[in-house]
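User: I would like to go through this structure with you, one question at a time. Could you walk me through it?

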Amino acid sequence: HGGNNRRRHHRGGGKHTNTQATVDESNPILFAFHGFAKELDDKHDRYERIVKCGRDITIESKRIIFLLHTIDQKKDNAGKVLEEAQLRLDKVCSTNFAEIAKELSGRDQYQYAKAFSPGLQEFVEALTFFEYISGKEVSDWTTLQEKLKYKGEEESPPTECLVQPIEFMLGLADTTGEVMRRCINSLGSGDVDTCFASCRFLQGLHAGYLGLGPTHNREMSRKLFTLRQSVMKSEAVCYNLRVRGKEAAKWGAEENLLEKGVDPANADIDEGFF
Amino acid sequence: MQNPGIKNIFTKFQENLNTEQELREEIRLTVREIDQSAKEAAIALQIIHTSISEVSQGCLKARERFQECQKGYRKLAEIVPAGQYFRYSDHWHFLTQKLVSLVALTIYLEAGFLVSRETVGEVLGLEVTQKNGFHLELEDYLIGVLQMVTELARFAVNSVTLGDYQRPLMISRFVADLNAGYRMLNLKNDGLRKRFDALKYDVKKIEEIVYDVSIRGLARSAPLAEIPSGDKEEKAE
């Protein structure tokens, strides 16, 4: 982002002039603007700090998702992996989100919501994916909201990180991509039941999103498009399993995706960050 | 096909969307009412470009409209739930900026100084700080003041046309102060910055007018520095 560089540059310059030129108090305009400058700086700095926390959350969430993908029926490691994932998810709540909550304390929750929205969505993705894999009921935003409430220490009021329903739904839409990957992976390891279960889960989610009224959110329509592709991919996998038996499907899956018009470049998106 | 948990989430979310939609509709209506009054205030103030002698009347008329706006904002403050100002603030950002510029212009025409944030808040019925509730955002105030400068540049042109040669000199000094003020801010690459970048064109325009007037000796006065701002202005009106 060019804007960030520019800003850093300006801040450096600004600090310099602030110390150098003492404000002429006889000029009311300059005096007032001195106060405004401080207020704006505080706002911008707080925003940047929250963005930074948000980025840490994004990275850790992606790692947790990666960890969850290592679950393999043959290795029989599910219990251990899930346990570790649970620990790491809790840790993100108790450290990174707590930091954001501290910055937000006493302020309008919606003012800085954009600053950590990518992190929050990624975290929702990791959390729901975790819940799905461990066979629990997928919770909604109120449960997560409860998790992100923090009791203040003495005298300081309790703080929280706002979870907007729309953010949660966007994160949940991302989860479908992970479930699709799990579906394909299970095909590779010959875990047929997981393939069918994932597909059914995706179809259910897809139907749910179809039923929503207009959300007035640009991101949502883009995510729904990807969601549809994920559903079709997992359906193709199930189709193959049924028609050719599980050995053939393993080899045929890729070609079949191409026939069905799925963009080969999109067929295996690696989200990076690992 | 859908498991009940998932279904539950979607139903809940849909309900959530619906209530938000209703509230937004209500906000939109109130904002439209205020916007109408703001437009009428803007029209009342247009008189300054055609008749210097009617400036104070124009200001009075505008102030009446501001009272209506104040009522509108009070209503808005009741509709918007506490702590959710920024959730819905997109609906009134532009409107508030416009109103700030009108209030600032009115007060400049009446008294010759920059309206403080507190005064704008008083006129429009808004709090100054977030903590106190429905408030006037600093950015909106700053952008509004910049919009006023554009109007002043136009006013400088027209006041010369109408034979008031002192006016541009006063405006020029006022805008120079503002320019210095805005330069003290560390701006991020956002709407405020974009609006600030346009300030230099207004400054330039006003300086050219001052130049034109001075070089022809149309400003009868002594050098700039000796004009006391207050009483000169009264003579001009």
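Analyst: Happy to; this is a predicted model, and the questions below go from the chains to single residues.

User: Good to know. What is the order of elements in chain A, from the N terminus on?

Analyst: Let's start with the inventory: chain A contains nine helices and two strands. Reading from the N terminus, the order is α-α-α-α-α-β-β-α-α-α-α.

User: And how many helices and strands does chain B have?

Analyst: Its elements read α-α-α-α-α-α-α-α-α-α from the N terminus. The C-alpha atoms of chain B fill a box of roughly 85 × 35 × 30 Å along the principal axes. The count for chain B is ten helices and zero strands.

User: What share of the residues in chain A is buried?

Analyst: A residue is called buried when its relative accessible area is under 20%. The accessible surface of chain A is about 14600 Å², with 52% of that surface belonging to carbon and sulfur atoms. Of the 274 residues in chain A, the buried share is 49%.

User: What is the buried share in chain B?

Analyst: For chain B the accessible surface comes to about 11400 Å², and carbon and sulfur atoms supply 52% of it. Among the 237 residues of chain B, the buried share is 50%.

User: What part of the contacts in chain B with a separation of 6 or more comes from residues 24 or more positions apart?

Analyst: A contact here means heavy atoms within 4.5 Å. In chain A, residues 24 or more positions apart make up 74% of the contacts with a separation of 6 or more. For chain B, the corresponding figure is 77%.

User: How far apart do the centres of the positive and negative side chains lie in chain B?

Analyst: Chain B carries 31 positive and 34 negative side chains. The centres of these two sets lie apart by 4 Å.

User: Let's turn to a helix. What distance does α7 of chain A reach from its first C-alpha to its last?

Analyst: Helix α7 of chain A covers residues 192–210, which is 19 residues. Its buried residues include A:Phe196, A:Phe201, A:Leu202, A:Leu205 and A:Tyr209. At 1.5 Å a residue one expects 27 Å, and the helix comes close to this, reaching 27 Å.

User: What lies after that helix? Is A:His216 buried or exposed?

Analyst: A:His216 sits in the loop between α7 and α8 (218–259) of chain A. Its phi is near 55°, a positive value in a residue other than glycine. Because its relative accessible area is 62%, A:His216 counts as exposed.

User: Now for charged pairs. Which residue meets A:Asp42 in a salt bridge?

Analyst: Side chains of opposite charge can pair when their charged atoms come close. The two residues of this pair are four residues apart in helix α2 (residues 28–69) of chain A, so about one helical turn separates them. A:Asp42 is partly exposed at 34% relative accessibility, while its partner is buried at 9%. With 3.3 Å from N to O, the partner is A:Arg46.

User: Which residues are linked with that pair in a network of salt bridges?

Analyst: The count of salt bridges over all chains is 28. A:Asp42 and A:Arg46 belong to a network, and the residues linked with them are A:Arg49 and A:Glu103.

User: How many residues apart are B:Arg65 and B:Glu40?

Analyst: The side chains of B:Arg65 and B:Glu40 meet in a salt bridge, at 3.0 Å from N to O. This pair links distant parts of the chain, with B:Arg65 in helix α2 (residues 55–79) and B:Glu40 in helix α1 (residues 4–45) of chain B. B:Arg65 is partly exposed at 27% relative accessibility, and B:Glu40 is partly exposed at 30%. Along the chain their separation is 25 residues.

User: What is the N to O distance between B:Arg65 and B:Glu68?

Analyst: Both residues lie in helix α2 of chain B, three residues apart, which is about one turn of the helix. B:Glu68 counts as partly exposed, because its relative accessibility is 32%. Their side chains meet in a salt bridge with an N to O distance of 2.9 Å.

User: One last pair: what separates the C-alpha atoms of B:Asn158 and B:Thr50?

Analyst: B:Asn158 lies in helix α6 (residues 138–161) of chain B. It counts as buried, because its relative accessibility is 19%, under the 20% limit. B:Asn158 and B:Thr50 are 108 residues apart along the chain, and their C-alpha atoms are separated by 7.3 Å.

Definitions and conventions. Residues numbered from 1 in each chain as written. Chains lettered and ligands numbered in written order. Predicted model: local features only at pLDDT ≥ 70, side-chain atom pairs only at ≥ 80, totals over all residues. Heavy atoms only, no water. Buried < 20%, exposed > 50% of the residue type's maximum accessible area, 1.4 Å probe, protein only. Areas by Shrake-Rupley, 256 points an atom, 1.4 Å probe, with all protein chains shown as cover. Lys, Arg positive; Asp, Glu negative; His and termini not counted. Charge placed at Lys NZ, Arg CZ, Asp CG, Glu CD. Expected span 1.5 Å × (residues − 1). Salt bridge = Lys/Arg side-chain N within 4 Å of Asp/Glu carboxyl O.
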